[in-house]
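Colleague: Let's go through this model together. Keep it short, please, and explain each term as it comes up.

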Amino acid sequence: MLKLFSAKQVLPNSSIIRSLLFPTHFASLTTISSDLTTAILHSKTPNQALQLLDSALRDNPSNPTRYLDPYSAVIHLLASAGMYSTARCLTKSLVEKLLCSSNSRSICSLVFAALNQMQSTKFNPNVFGLLIIVLCELGHVDEALWVYHRIEVGVAVRVYNALLNGLVKMCRFSSMWELHRDMIVRGLVPDVVTYGVLIDACCSQGDVLKAGSLFGEMNKKGIQPNVVIYTSLIHGLCNDNKLMEAEYVLRVMRETGVVPNLYTCNILMDGYCKMKNVKQALDFYQDMLDGGLLPNVVTFGILIDAFCKLGELLAAKSLMVHMEKFGVFPNVILYNSLIDGHLKARKLPEAMDLFNEMLNFGILHDVYTYSILIKGACDMERLEEANALLEKLAKEGIPANSVTYNALIDGYCKERNMEKALELCSQMVENGLEPNVITFSSLCYGYYKVGDMQTAMSLYSEMVVKGMEPDVVSFTILICGHCKDGNMKEALSLHKQMLEAGCIPNVFTISCLIDGLCKVGRTNDAIELFLERTTSELSGNQNDVIDDNLCSPNCVMYTTLVQALCRDGQIFKAVRFFTDMRQRGVPPDALTYIIILRGHINAKNMIDVMMLHADMIKAGVMPNEVIKRMLITGYQESGYLRSALMCSEDLVETGRSYFLMEAT
């Protein structure tokens, strides 16, 4: 018999393993005659051996451990005869039966020992490769690796492919590359399946460059890529928003005679839709039909979801009707997209009609259907209806998830109904769901809205104690709350904690901090923070490399700083920020103009006031009554009586026009 273990490796005898795993049956097992195994090994044909085993199993179907040796004998015979498919099926059947009685590692040891100790000239080492493939197919990749590391014979490329694929499915990419290197060291040449698995792994990790490199490598070796490899590469490029490159791969695919399948087409259409290029997706859909490929429910789901996200609800509904032409029926995912689209358009009655229509077609609601409806109702401040939907969900026996509860909790927090929000939190915990970061963020926001920052901070502390990492939303809510209360020490402390936790502040976080600092008279600190955390030209951070840690300044930020500087009498600094604002493409609103105009008026810079007044009108910001009265007063006090008169006449004319409109 071929030796499969090194001197250091000792595997227990299979009979000992059986006695440990199945003690209640071992007494009878020890009395089992080896006649059946002997008869199988002396069978004239593998089919005759199979018949002998099948006959024995019919007599004792509930105890496969009685026949481990006969099973092993038949598997070896089939492998020796080159009947690998039948041998694999028999191995799989044995493992599945044994898994009903014990854990996978024990069963793996048991089957491996039985196969290894068979004493016969029919012993075939390929059975271990079959066992590895079977274990991978059943999802027991660790057990398959256990077998792989204990055999000293080489295994076929297809065995490596099974292991590589199993590791990819478990997202264990480092182990996959380690196994691939071992494969190369052993002198095995990767085939098209190997490259397919590796390219798919690269695309799953977002490493499209490495996938392309592998694609080029296989072409150099003369290995023709198949539809699976081309599709994986197209999928990776689409996920990376590289649609032009994906189209190029599709052209190459067609030129080499590889016909795209429906999955390939669906991926490309989904890529176009994610880029909001629905027209291109529809053109590709028509090309697909012209090429003889019929769409499925996934195809229609992609297009309908895209139309819903664009608010084109009529087009989405027309596609629903179009589906019938191809004999394709909608599913729950498709209806969820339609319901979500109607809710985003604030059409709750129409969404409820679709909800009821599902049952008419025999399509059962799922937890996502309810979550979408509940969130939509909350967004429209229809909390009673949202709560009724939660109760209906429970009556239908569908377990609510954290998304469902969070939507309703957030709705009540926005309504400042903290009693109801906490009641839902308790209900959530009672149903076995732990509050997450989103839950705590909503509660913090609710307490911030009612002015109870002490409780909000207690919730933050609880989050940290429970090992949750507060996100940018949580930090921003708390920072804004402290800024509103003028507690800048606590706000800046949280900002520091935020940075230390690797959480990048967004534009709202920085806006709150700048506003808070300006309100307590710390204008210079506000400017320093602005220059440090934004991509403004004033900050000197404008370069070809975009720093993800910085945010683009908005109108609120600029207006706050301009107001603070004008208040402090620093009109020239205020003008610099106002100029930077416009150069950055951030349009000033009426409030910004009021602030900078008032600053110039207070500084008696009336020429600047006139130029800014004209510029404001040119920019399409029409002066309102507040601006006009401010200009009249400013012109009068500075002796510009003619300009004051013109503004006064304009104000009277505006009032007259308004009066006539009201009368009409």
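Modeller: A disulfide is a pair of cysteine sulfur atoms within 2.5 Å. This is a predicted model, where local features need pLDDT of at least 70, side-chain atom pairs count only at pLDDT 80 or more, and totals for chains, interfaces and linings use all residues. Residues are numbered from 1 along each chain as its sequence is written, and side-chain values use heavy atoms, with hydrogens and water left out.

Colleague: Which cysteine does the disulfide join to C480?

Modeller: The structure holds one disulfide. Its sulfur atoms lie 1.9 Å apart. The partner of C480 is C512.

Colleague: How far apart in sequence are C480 and C512?

Modeller: The link of C480 and C512 is right-handed, with 80° about the S-S bond. C480 sits in helix α28 and C512 in helix α30 (residues 507-519). Helices (H or I, at least four residues) and strands (E, at least two) are DSSP runs, numbered from the N terminus. The pair links distant parts of the chain, and the separation is 32 residues.

Colleague: Are C480 and C512 buried or exposed?

Modeller: Buried means under 20% relative accessible area, exposed over 50%, and partly exposed in between (1.4 Å probe, protein chains only). By that rule, both C480 and C512 are buried.

Colleague: Which residues does S474 touch, leaving out those up to four places away in sequence?

Modeller: S474 lies in helix α28 (residues 472-484). Its relative accessible area is 0%, so S474 is buried. Contact means heavy atoms within 4.5 Å. The residues S474 touches are V437, S441 and M463.

Colleague: How many helices are there in the protein?

Modeller: The protein has 664 residues, and 47% of them are buried. Strands number zero. The helix count is 37.

Colleague: Among contacts between residues at least 6 apart in sequence, what share joins residues at least 24 apart?

Modeller: The pool here is contacts in the protein between residues at least 6 apart in sequence. The share that joins residues at least 24 apart is 60%.

Colleague: Which residue meets R172 in a salt bridge?

Modeller: A salt bridge is a side-chain nitrogen of Lys or Arg within 4 Å of a carboxyl oxygen of Asp or Glu. By this rule the count is 21 salt bridges. In the one at R172, the N to O distance is 2.7 Å. The partner is D142.

Colleague: Why does the pair of R172 and D142 tie together separate parts of the sequence?

Modeller: R172 lies in the loop between α10 (157-169) and α11 (173-185). D142 lies in helix α9 (residues 141-148). The pair therefore ties together parts that are 30 residues apart in sequence.

Colleague: Where do D379 and K375 lie?

Modeller: D379 forms a salt bridge with K375, with the closest N and O atoms 3.0 Å apart. D379 is partly exposed at 41%, and K375 is partly exposed at 46%. They are four residues apart, about one turn of the helix, and both lie in helix α22 (residues 367-379).

Colleague: Is M611 buried or exposed?

Modeller: M611 lies in helix α35 (residues 606-618). Its relative accessibility is 57%, so M611 counts as exposed.
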